[in-house]
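Work through the exercises below with the structure open beside you. Try each task before you read its solution.

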There are 2 protein chains.
Amino acid sequence: MSTSTREKIIQLGDDLLRKRGFNAFSYADISKPLHIKNAAVHYHFPSKQDLAVAIAQWHKDIFGRFSLKMANKEPKDRLKTFLNFYHSIHLSEKVDIIGAFATDWHSLEPKVQTEVQEFTELVINWLSELIQEGLDLGQFRTTQNARTTALRILSSIFASTQLVRITSDHDFTRVKNSILEELNN
Amino acid sequence: MSTSTREKIIQLGDDLLRKRGFNAFSYADISKPLHIKNAAVHYHFPSKQDLAVAIAQWHKDIFGRFSLKMANKEPKDRLKTFLNFYHSIHLSEKVDIIGAFATDWHSLEPKVQTEVQEFTELVINWLSELIQEGLDLGQFRTTQNARTTALRILSSIFASTQLVRITSDHDFTRVKNSILEELNN
DNA sequence: TTGCACACTTATTAGTAAATAGGTAATTTA
DNA sequence: TAAATTACCTATTTACTAATAAGTGTGCAA
């Protein structure tokens, strides 16, 4: 199963977006490592904003498949897998896609913003449902409602991928563990 | 008390950094509104990275004065003022400076990174002390240690300034209130 | 009064950005 | 097998980008 050039561009674009920032990489940063010309990238994605749209859609696809795969798992295990996923983001020196898009939000075209919004709602809804299910099953304890708890978990964990670039790796594990402990206390 | 050109450049630079992103604004975006020439900005800050250093130092100054002013207040009131400060960031359509720098981290020179690290440590230490004091006085309840709680509060609140650009304003208030409630439960 | 630092301006440069026009070889379809 | 489509490349354009050199007026200080 060989990866198409289009797919390679999206993956490398995503990597650059989350390692350096949307306005900190150029088409040259994509074309050089793939040994193609700048114009070839423009062939697949006429503008950089088109590439951003594709990256956001790619994340929606991945998350869609992830949530399907997790559907029959226990709420606690789903949350653990989710947090481990963010741990792998941290280890690969990237930040979460939500934050990467959010900080450069006002330099993104509406078509990009819409895709990012759809992806983010997908994640928040999935997390909210997971929390609600955990509460119903008596596996979680929280004083807040499901969506608020979901928002706090999401913001804590995606901010951590950013924060630990500045402080230390150890702080990521602190936050990650505290999220799980807090729901169990 | 008139504001110097240097000060105006820092304030506008900070505004652009937190509204658009570090790599999404240029010296022209600063010189035009201030009715000076591009080269005048370079006179005060030879490189863009020098401007970033000055912005980070400016935040250290502001936070230093803020923490002095808050020194004799109750832990709970200090935290409320801190959270209200982030609310004003949200209302002015900016994101927190920590996240703004973090997402573009790998495009920043070491001298900028050092300043940002110093500012961040200042905030985390201040928050940790506040939490510890609140725990000692029996005003707060938490199952985590002070630094971990501080990290979770900071990450939740600064991520919220980013997240609500994508979701809705209402989500900011949800998170803000939940931080206070969680310490009181 | 002279001279020098300060806070700019004008003018320019070298480099990079995204984007496009037009061409080509290989494959697919009618 | 002719025509169209795909997936590129070469070459170029337009528009910035940060950065610098050299000059100017103002005001203070010796």
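The exercises cover the DNA strands, the contact between the chains, the pockets and the cavity.

This is a predicted model, in which local features need pLDDT of at least 70, side-chain atom pairs count only at pLDDT 80 or more, and totals for chains, interfaces and linings use all residues. Residues are numbered from 1 along each chain as its sequence is written, chains are lettered from A and ligands numbered from 1 in the order in which they are written, and side-chain values use heavy atoms, with hydrogens and water left out.

**Exercise 1. Find the residues that come nearest to DNA strand D, and say which part of the strand faces the protein.**

Step 1. Fix the term: a residue is near a strand if one of its heavy atoms lies within 4 Å of it.

Step 2. List the residues. There are 15 around DNA strand D. The nearest are A:Thr5, A:Lys37, B:His42, B:Ser47 and B:Lys48.

Step 3. Look at the strand. Of its atoms within 4 Å of the protein, 73% belong to sugar or phosphate. The rest belong to bases.

Step 4. Look for polar contacts (pairs of N or O atoms within 3.5 Å; within protein, one must be able to donate a hydrogen and the other to accept it, and residues adjacent in sequence count only if both atoms are side-chain atoms). A polar backbone atom of A:Lys37 is 2.9 Å from a phosphate oxygen of strand D. For a backbone N or O atom of B:Lys48, the distance to a phosphate oxygen of strand D is 2.9 Å. For one of B:Tyr27 it is 3.1 Å.

Step 5. Name the elements. Helices (H or I, at least four residues) and strands (E, at least two) are DSSP runs, numbered from the N terminus. Here α3 (38-44) of chain A and α3 (38-44) of chain B each supply at least two residues. α3(A) gives the most, with 4 residues.

**Exercise 2. Do the same for DNA strand C, and sort its surface by residue class.**

Step 1. Again 15 residues surround the strand. A:His42, A:Ser47, A:Lys48, B:Thr5 and B:Lys37 come nearest. Sugar and phosphate make up 71% of the strand C atoms that come within 4 Å of the protein.

Step 2. Check the phosphate oxygens. One is 2.9 Å from an N or O atom in the side chain of B:Thr5. One is 3.3 Å from an N or O atom in the side chain of B:His44. A polar backbone atom of A:Tyr27 is 3.1 Å from a phosphate oxygen.

Step 3. Find the main contributor. α3(B) gives the most to this surface, with 4 residues.

Step 4. Sort the residues. Ala, Val, Leu, Ile, Met, Phe, Trp, Tyr, Cys and Pro count as nonpolar, Asp, Glu, Lys and Arg as charged, and the others, Gly among them, as polar. The surface near strand C has 8 nonpolar, 5 polar and 2 charged residues.

**Exercise 3. Describe the contact between chain A and chain B.**

Step 1. Count the residues in contact (heavy atoms within 4.5 Å). Chain B gives 47 and chain A gives 47.

Step 2. Find the buried area (the accessible area, with a 1.4 Å probe, that two parts lose on being put together, summed over both). The value is about 4,100 Å². Carbon and sulfur atoms give 58% of this.

Step 3. Pick out the main residues of chain B. B:Thr103, B:Arg152 and B:Ile166 supply 18% of the area that chain B buries against chain A, more than any other three residues.

**Exercise 4. Locate the largest pocket and the largest cavity.**

Step 1. Fix the terms. On a 1 Å grid over the protein atoms alone, a cavity is a set of points where a 1.4 Å probe fits but cannot get out, and a pocket is an open set with protein on both sides within 12 Å along at least five of seven lines; lining residues have an atom within 4 Å of a point. Grid points are joined across faces, edges and corners, and a volume is the space filled by probe spheres set on the points.

Step 2. Take the pocket. Its volume is about 490 Å³. It has 21 lining residues. A:Thr143, A:Glu182, A:Asn185, B:Glu182 and B:Asn185 lie nearest its centre. The lining divides into 6 nonpolar, 9 polar and 6 charged residues.

Step 3. Take the cavity. The search finds 1 cavity of 30 Å³ or more. Its lining residues include A:Ala56, A:His59 and A:Phe119. α6(A) gives the most to the lining, with 3 residues. By class, the lining has 6 nonpolar, 1 polar and no charged residues.
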